[in-house]
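User: Got a minute to go through this model with me? I'd like the folds, the contact and any odd backbone angles.

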Amino acid sequence: MSVQSHDLHLLTGAYAVDALTAHELHEFEKHLEQCPSCADEVRGLRETAARLGLAAAIAPPPSMREQVLDAANRVRQLPPSGPRTLTAGLTRPARRLRRRLPRPIAVTAMAAVIVALAILQIGTRHQLHQAQTSNQTIASVLAASDARIELSSSTVGGTVTAVVSGHDREAVITAAGMPTPADARVYQLWVISPAGARSVGLLPGSSDGATSPVLADDVQPGDQLAITIEPAGGTKQPTTIPIVAIHTRR
Amino acid sequence: MNTPSVGRQPHGRGHSEGHGHDLGGLLAQVACGDHAAFEAVYDQLAGPVYGVARKVLRDPAQAEEVAQEVLLEVWRCASRFDPARGSAAAWVMTIAHRRAVDRVRAENAATAREQKAAPDSGTSEDVFELVDTALDRQRVRRCMGSLSALQAEAIKLAYYGGYSYPEVAGLLGLPLGTVKTRIRDGLIRMRDCMEVAQ
């Protein structure tokens, strides 16, 4: 389904109040980059929408204040300039709590990941050969001297773990505790580079909420690993806002 | 409670910064890791952020969770705020609304969504009493009154209800195209009514 640009322009209002469907959101954001007058209008309407929000203020529970201020002590801030986020312009960066692990802990964590991987793969004996090849690669990523672990919460709940080796240009991604998407939809993994989004494949389903690991190759430093919810079978390009995005280190 | 002081912003940034006691400046300090500035930002925006999450999600516990995430996101990403792209309040509220809407859509068809959407008037007893907020509320109400009934309803369902515009069309029994234009025309009229700076 392709939407004419005139029709797209009429979506500024719905976009400003986050009322677009996933498909249109993607098309509209592409359109925005080439339509300065749309971007202008969106800016104004966003301000208006924000006023609707300000007018809805309710005093939050008093305990929230300390929790948030305290949490800020533990959350690392992004540097002033960095890789462009997916929705260039009006970004809504995914929540991510990066943890820099001291080396010995990192090693322990990796060992834990390897054990988890081993357990996870018991159920896929028929794919054993395939898995072994991929496992060797995965093991080499995990063992890489520059391997880093990035943990990130997804907006739908659960945690995504990526082990990234800048040297090998590879990353291993697992997810735990994410709900099964509704309507036969799937989680799709992407590598986002300045050139665009490249599908790595679908996250395997799982019964207990933990997925078996997926290997992403050709991950350049600075690329993002992102997961979106897509229709069954996946799509060629992301059509929804990522539920998680992990920046790999430059 | 903050003491109101009308005309506190001599450069007439009042309506674009809206809620601002120079929020943009505070965000710049937050970007440098200034915890005191973050406290000030919290005190100005925790109410609106939590309020929007409550409107969209209804459930207080979930709203609190989302509000916390959003405020931490503000801390984490303060350096990415670009004043050229809009006011600080709009930046934060955009994150808040999107996050609440994402949550609601991810939950998809959960029980809370089945209640008929009746955006509440926002007159509960725990309403924030900041004067800026009261002014915002007054102005929003007045400007809502200048819209057609359909425009106002469509905007409330979309913004406060967190419904996508096809869902709004379904709820109001209107064609998609109609809802699309009602939301846009209504927002444009509100924008002009509230003299929001472009």
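User: What does the secondary structure of chain B come to?
Analyst: Chain B has 9 helices and 0 strands. Helices here are DSSP runs of H or I with at least four residues, strands are E runs of at least two, and both are numbered from the N terminus. Along the sequence the pattern reads α-α-α-α-α-α-α-α-α.

User: Any ground rules before we go on?
Analyst: This is a predicted model: local features need pLDDT of at least 70, side-chain atom pairs count only at pLDDT 80 or more, and totals for chains, interfaces and linings use all residues. Residues are numbered from 1 along each chain as its sequence is written, with chains lettered from A and ligands numbered from 1 in the order in which they are written.

User: How much of chain B is buried?
Analyst: Of its 198 residues, 49% are buried. Buried means 20 or more other C-beta atoms within 10 Å of the residue's own, exposed means 12 or fewer, and partly exposed is in between, with C-beta atoms placed from the backbone.

User: On to the contact. How many residues from each chain?
Analyst: Chain A gives 53 residues and chain B gives 76. Two residues are in contact if their C-beta atoms, placed from the backbone, lie within 7 Å.

User: Which element of chain A gives the most?
Analyst: α4(A), with 13 residues on the side that touches chain B.

User: And what does α4(A) pack against in chain B?
Analyst: Helix α5 of chain B, residues 88-107. The angle is about 70 degrees and the axes are 9 Å apart. Axes are lines fitted to C-alpha atoms, for helices over the stretch in contact, and angles run from 0 to 180 degrees between N-to-C directions.

User: What does that make the pair, parallel or perpendicular?
Analyst: α4(A) and α5(B) are therefore roughly perpendicular. That label covers 65 to 115 degrees; under 35 is roughly parallel, over 145 roughly antiparallel, and the rest oblique.

User: Which residues meet there?
Analyst: From α4(A), they include A:Arg46, A:Glu47 and A:Leu54. Among those in α5(B) are B:Met93 and B:His97.

User: Switching topic. Where is A:Asp18, and what is its phi?
Analyst: A:Asp18 lies in the loop between α2 and α3 of chain A. Its phi is near 55 degrees, a positive value in a residue other than glycine.

User: Is A:Asp18 buried or exposed?
Analyst: Buried, because A:Asp18 has 25 C-beta neighbours inside 10 Å.

User: What about B:Arg58?
Analyst: Phi of B:Arg58 is near 70 degrees, also positive in a non-glycine residue. B:Arg58 sits in the loop between α3 and α4 of chain B. With 16 C-beta neighbours inside 10 Å, B:Arg58 counts as partly exposed.
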